[in-house]
Amino acid sequence: MSLLQTDRRRQAGVGLLEVLIALLIIAIGALGYAGLQLTALRNSGDAADRAHAAMIAQDAIERIKSNPAMSDYYADPDNWPASANGSAGSPEDWKVCRDAVCTAEEMADWDIKQLVWAASTSLLGGRVMATDCDFGSLGCVVVSWDEQAPALCLSDDGINTADDSQCLVMEIQR
């Protein structure tokens, strides 16, 4: 047997082994890429929820600031219902203060209904409320989603910053 034939026998199957190792490396890379895509998708959804919540909270602050006589009414969590949807999908008196002159209290009630409706329709399980912050002299506008109660976003220690918290809290000078 010649030296050339011996080398060929030792090399038999080596090309196939190299191909299998290359496929394994490519498969591991593809799985890593898929994991990155899933993480990016999840984080972009969370960013969209936070952006919507920030717009709703800013709208609430502007409404509260434009009706200063009713700041205590806005700050009472009992005045913020979980839902403001009527039979047509929007609040029953959706246009009342747009079509007529309202008192400050009627305007505050109308504002709250519009904000609650906006939170519940633009965020999955979205809720909004304004309240006095337990940890300072400021008021807080709290927007939550994924069925988290807004009251769980605040504590005596401050704002809930846990990883699983689905809240946005903006402070407002009262």
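Both R63 and D111 are buried, and in this predicted model their side chains meet in a salt bridge with an N to O distance of 2.9 Å. R63 lies in helix α2 and D111 in helix α5, so the pair ties together parts that are 48 residues apart in sequence. The contact between R63 and D111 does not stand alone, since salt bridges that share partners join D59, R63 and D111 into one network. A search of the whole structure finds four salt bridges.

Another of these salt bridges is formed within helix α5, where the side chains of K113 and D109 meet at 3.6 Å, N to O. K113 and D109 are four residues apart in helix α5 and are therefore separated by about one helical turn. An α-helix has 3.6 residues a turn, so residues three or four places apart point the same way. Both partners have intermediate accessibility: K113 is partly exposed, with a relative accessible area of 24%, and D109 likewise counts as partly exposed, at 27% relative accessibility. A comparable arrangement occurs in helix α2 (residues 14-66), in which D46 and R50 are four residues apart and thus separated by about one helical turn. The salt bridge between D46 and R50 has its closest N and O atoms 3.3 Å apart. D46 is partly exposed, with a relative accessible area of 28%, and R50 is also partly exposed, at 31% relative accessibility.

Helix α5 itself spans residues 104-122, and its 19 residues reach 27 Å from the first C-alpha to the last, close to the 27 Å expected at 1.5 Å a residue. Besides D111, the buried residues of α5 include A108, W110, I112, Q114, L115, V116 and A119.

At the level of the whole chain, the model contains five helices and five strands, which follow one another along the sequence in the pattern α-α-α-α-α-β-β-β-β-β. Of the 174 residues of the protein chain, 30% count as buried, and the accessible surface comes to about 10900 Å², of which 58% belongs to carbon and sulfur atoms. Among contacts between residues at least 6 apart in sequence, 54% join residues at least 24 apart.

Three of the strands make up an open sheet with the order β1-β2-β5 and antiparallel pairing. Strands β1 (127-132) and β5 (167-172) stand at the edges, each with a single partner strand, so one side of each is left without a neighbour in the sheet. Neighbouring strands of this sheet are turned by 20° against each other on average, when direction is ignored. Strand β2 (residues 139-144) pairs with β5 in the antiparallel sense over six bridges, and S144 stands opposite C167 in β5.

Within the edge strand β1 is found T131. This residue has a relative accessible area of 12% and is classed as buried because that value falls under the 20% cut-off. When residues up to four places away in sequence are not counted, T131 touches A75, P77, G139, C140 and L154.

Key. Residues numbered from 1 in each chain as written. Predicted model: local features only at pLDDT ≥ 70, side-chain atom pairs only at ≥ 80, totals over all residues. Heavy atoms only, no water. Pairing = 2+ DSSP bridges. Helix = DSSP H or I, 4+ residues; strand = E, 2+ residues; numbered from the N terminus. Axes fitted to C-alpha atoms, helices over the stretch in contact; angles between N-to-C directions. Buried < 20%, exposed > 50% of the residue type's maximum accessible area, 1.4 Å probe, protein only. Contact = heavy atoms within 4.5 Å. Expected span 1.5 Å × (residues − 1). Areas by Shrake-Rupley, 256 points an atom, 1.4 Å probe, with all protein chains shown as cover.
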